[in-house]
Amino acid sequence: MATKTDSFGFNETKLFQVARDCSPDDHKHTQNLVESKDDMLFVWNAKNCCVLALNWRAAASRKKDNLKHQTLIPSAPQNFTVEKILPSTDGTFLALAGPKGVSIIELPRRWGPNGQYQNGKECIICRAYNLDEHLFTENAMLELLQIRWHPASPTDSHLLALLSDNSIRVYDVDSLRHVWRIGPTPTPQAVIGTGSGKAGSKHASTAGIIGSPGNNVSSAGITSKLAYLNSLGDTAVDFDIAPPRVVSSATGGSGPIGDTTFSPTTILSTTSSTVTTAKPAITPKEGTLMNDSLIAQKNKKASTGAAGTKVEWPIVILRGDGNVYVLCAGIDTNRPKLQGPISIQPQVDDNYGLDSCSLIVIPTLPPTVIIAESTGKTHHALFLEESCPLERSLTSELADSNLTMHPCEWYLHVLETVELELGLPSVEETKEAKSYSCPLHLKRDPLNESRYFVYHNAGLHGVTLDFTRPLHEFVQQEGDDDLVEKYPLFNSHSRAEYVVCTKALKNANTNAVLGFTLLQSPSGLVLFLASGQVVSLDLITDHSLIRKWPLTGSNKKTNNGESPIKNMLKDSFQKRIQSILKSGLTQPILKLDQTTEPTPQEAFELLTQATRMLRENYFVRHEKARQEIEKREHVLKLLKQQQLNDIVELQAEKQKIRATAERLAETYEDLCDKQSSLYKRAQEVVRLATLRLPKGSFSEKQFTERIEKMHQSVKLLQKNVDQAKQKITTQQIELETNKKTAKEKTFTLPVKQEDIIKQIIGEMYTQIDSNVKDVKKMSSILNLT
């Protein structure tokens with residue numbers, strides 16, 4: 001049954017009951033063991049090492065008849081702990097990933113009335129591929145950091161995996177296609193060659209000169225070098241794929257795709273007291289990055305464009321020290337170009353975080369890059385192109401001669417920084433600096449490009465970007481002097497909502513997030529916690545439907561000639577009270593760890609915190625709302641008295657108007673009668689004048705001539721009809737005469753002709769008889785019998 005925190009009723013389903021009983025042993029850190037694709041919901045069973053699948057739409061439509069979930073068993077067991085599952089773009093494959101390995105499961109076909117796999121079969125063995133098992137076995141310090149399915153894969157089977165040795169591996173199901181270097185290699189000595197996949201797979205081409213982890217090198221050297229790079233923050237921690245662009249295969253220059261053109265974008269900014277904003281940016285050149293939702297399907301069918309051009313998908317890479325790199329590569333690119341670190345404007349001392357942990361690219365126009373830190377900060381930046389590519393030199397990379405850096409073609413302009421609360425702050429933390437931090441995981445909303453979600457050990461946040469839609473409209477418009485006034489960019493800031501909180505006490509056990517996914521049609525979210533609780537909420541698809549929050553510091557044009565009372569009464573009173581009562585803070589749903597009871601001191605601290613929150617953020621606003629209501633009541637009383645006086649005056653005026661109307665109605669009737677009598681007299685005068693004319697009028701003459709012509713035509717037509725009747729009568733008489741003669745006529749041959757025919761027949765008989773005799777004679781001579 002659905003509740004306020006479980007709109008879809010997943011808590012009572014058999015699927016999550018099994019997942020609750022088979023939760024992983026290590027559930028103290030955030031994982032993602034729940035995913036969805038279209039109408040299928042996937043949950044990883046850590047105890048039995050299998051995937052639980054459920055068609056949640058069919059289950060929701062059949063409330064009385066419980067729809068059973070299905071169990072997908074991989075054919076090859078995993079030798080690592082699964083911490084993340086990720087379905088492919090078209091739902092053909094399912095990736096299983098953990099720090100020590102990655103595996104791909106080929107999902108079976110779906111059919112049947114409920115749209116289940118193999119018509120609802122309970123247990124299905126699926127083909128599974130474990131990728132590069134020996135690579136993680138031989139390198140104890142090597143870890144898998146992130147996986148992404150490539151959106152332009154023609155077979156929906158290309159998987160990109162980021163490893164802690166600063167390399168991205170491209171797999172096509174079980175085949176290793178490429179190994180791309182994106183940073184200093186952790187190997188003690190660079191090895192020139194190509195990377196190899198697992199046993200039995202094809203050899204892969206590499207980007208630049210690659211030191212493959214599979215080569216015979218010192219394991220101790222790799223471990224020490226990798227630890228050294230991690231301590232400096234020189235290892236990549238996350239990556240995402242930006243919208244594609246078309247470049248020249250010879251020069252690498254960018255250009256528009258097809259007939260699509262782009263308008264130059266101008267970056268504006270504002271200041272705020274609650275969100276850190278950026279300074280005005282330099283106007284970039286004409287953008288060439290496309291929204292992947294518009295041309296992803298086109299690039300799946302054809303990876304290359306017209307002659308001399310190719311499609312590249314820039315891969316944005318984030319390192320732990322906050323530096324951002326771009327790898328320009330397609331699916332079949334052997335030697336991609338690594339650019340970076342790209343410039344981040346405006347420049348700050350901490351480079352927007354020294355403990356970066358996650359990154360996503362939202363396909364807006366221009367693309368928006370979200371960078372998250374472990375301290376709870378997220379930076380919103382625009383991914384813009386440089387007016388001219390700039391050379392970047394990085395001293396830490398010069399030691400690695402095998403790594404080639406190219407001029408930077410992009411830069412990031414940070415618009416704002418949002419600081420998220422990681423748990424409810426205690427009284428001590430409000431006075432001092434916040435001490436709790438944990439890795440943040442980002443997930444963008446596939447249905448709304450202006451919203452993304454952040455899940456972590458302390459719960460779930462939803463962040464809505466307010467600048468995406470005005471910026472898109474601004475870019476699409478042609479150059480105009482009034483563009484800035486027509487599209488006031490960045491006059492409102494992003495809104496962060498604390499949806500679910502799993503940490504309210506400082507020393508309480510962590511109730512980490514074990515799975516988070518977004519549902520479509522209807523839109524919703526599903527959150528699976530370490531305590532076994534499931535939170536499922538409905539979402540609004542379009543953020544513009546949400547009530548607009550008051551804009552602090554906005555410059556609204558007001559008419560100085562109007563009175564303050566009229567200005568106050570213009571807006572809806574209900575909206576005004578709502579704006580006063582709106583605190584700007586959202587109180588999350590508390591889902592704490594229920595395995596241990598809090599101590600009396602912790603319970604008192606939680607009560608004190610709630611009381612302080614009510615006093616500081618709610619009681620003051622309610623008092624202000626009460627004063628506003630009293631003020632509005634006084635104004636309305638004065639208006640009511642004035643309106644009553646006006647009603648009395650209007651009633652007297654109404655009586656005067658009614659009397660005047662009656663008088664005017666009588667006058668109108670008299671005038672109408674006089675007009676009708678005059679009209680009749682005028683008609684009679686015209687008739688008498690016409691009768692006294694010496695000749696007929698011109699119209700009468702025309703009518704007479706037409707009658708005469710019609711009479712002549714009728715006579716001619718009558719004559720033709722009579723002639724036709726006579727011809728018909730004559731033809732009928734001839735036909736009857738011919739019929740009678742045909743019946744009486746008989747055919748007989750003359751006697752002479754009959755004798756001649758008989759004579760000819762007799763001669764032919766005689767000739768035939770002689771021919772027969774000759775044939776028999778010849779047969780007897782030749783002994784043919």
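**Figure 1. Aromatic rings that pair up in this predicted model.** By the ring-pairing rule, the count comes to 8 aromatic pairs. One of them joins F383 and W410, and this pair is stacked, with 5.3 Å from centre to centre and 15° between the planes. F383 belongs to strand β27 and W410 to strand β29, so the pair ties together parts that are 27 residues apart in sequence. Both F383 and W410 are buried.

**Figure 2. A tilted pair, F453 and F516.** How are these two rings placed, F453 and F516? Their centres are 5.6 Å apart and their planes stand at 55°, so the pair is tilted. Distant parts of the chain are linked here, since F453 sits in strand β31 and F516 in strand β34, 63 residues apart. F453 is buried, with a relative accessible area of 2%, and F516 is buried too, with a relative accessible area of 0%.

**Figure 3. An aromatic cluster and helix α1.** Take a look at F8, F10, F16, W56 and F528, which form one aromatic cluster. F16 also appears among the buried residues of helix α1 (residues 14-21), together with L15, V18 and A19. Why are these four on the same side of α1? They cover an arc of only 155° around the axis, which puts them on the same side of the helix. On the face turned away from the buried side, you can find the exposed residues K14 and D21. What covers the buried residues of α1 includes strands β1 (34-37), β2 (40-45) and β3 (50-55), as well as β35 (524-529) and β36 (534-538).

**Figure 4. An open sheet of 5 strands.** Follow the strands in the order β30-β31-β32-β33-β37, and you will meet mixed pairing. β30 (441-444) and β37 (589-590) stand at the edges with a single partner strand each, so one side of each is left without a neighbour in the sheet. The partner of β30 is β31 (residues 451-456): the two pair in the antiparallel sense over 4 bridges. Within this pairing, R444 stands opposite Y452 of β31.

**Figure 5. The largest nonpolar core.** Y452 turns up again in this view, as the core of 28 residues has I370, L442, Y452, V454 and L465 as the members with the most contacts inside it. Which elements give two or more residues to this core? They are β25 (356-362), β26 (368-373), β27 (377-390), β29 (408-419), β31, α7 (468-476) and β33. In soluble globular proteins, nonpolar side chains tend to be buried together.

**Figure 6. K506 in its loop.** The loop that holds K506 lies between β33 (495-501) and β34 (513-519). Is this residue buried or partly exposed? With 43% relative accessibility, K506 counts as partly exposed. Its C-alpha atom is separated by 8.4 Å from that of Y436, although the two residues are 70 apart along the chain.

**Figure 7. Strand β11 beside strand β7.** β7 (residues 101-106) and β11 run antiparallel and are joined by 4 bridges. The bridge partner of I105 in β11 is A128. From β11 (residues 128-131), A128 and N130 point one way, Y129 and L131 point the other way, and all are buried.

**Figure 8. The kink in helix α11.** Helix α11 (residues 600-691) has a kink of about 35°, centred on R615. Among the buried residues of α11 are R612, M613 and N617.

Conventions:
Residues numbered from 1 in each chain as written. Predicted model: local features only at pLDDT ≥ 70, side-chain atom pairs only at ≥ 80, totals over all residues. Heavy atoms only, no water. Pairing = 2+ DSSP bridges. Buried < 20%, exposed > 50% of the residue type's maximum accessible area, 1.4 Å probe, protein only. Core = buried A, V, L, I, M, F, W, Y, C linked by side-chain atoms within 4.5 Å. Arc of directions from axis to C-beta. Contact = heavy atoms within 4.5 Å. Bend = angle between axes of the 7 residues up to and from the residue. Phe/Tyr/Trp six-rings, centres within 6.5 Å; stacked < 30°, edge-to-face > 60°.
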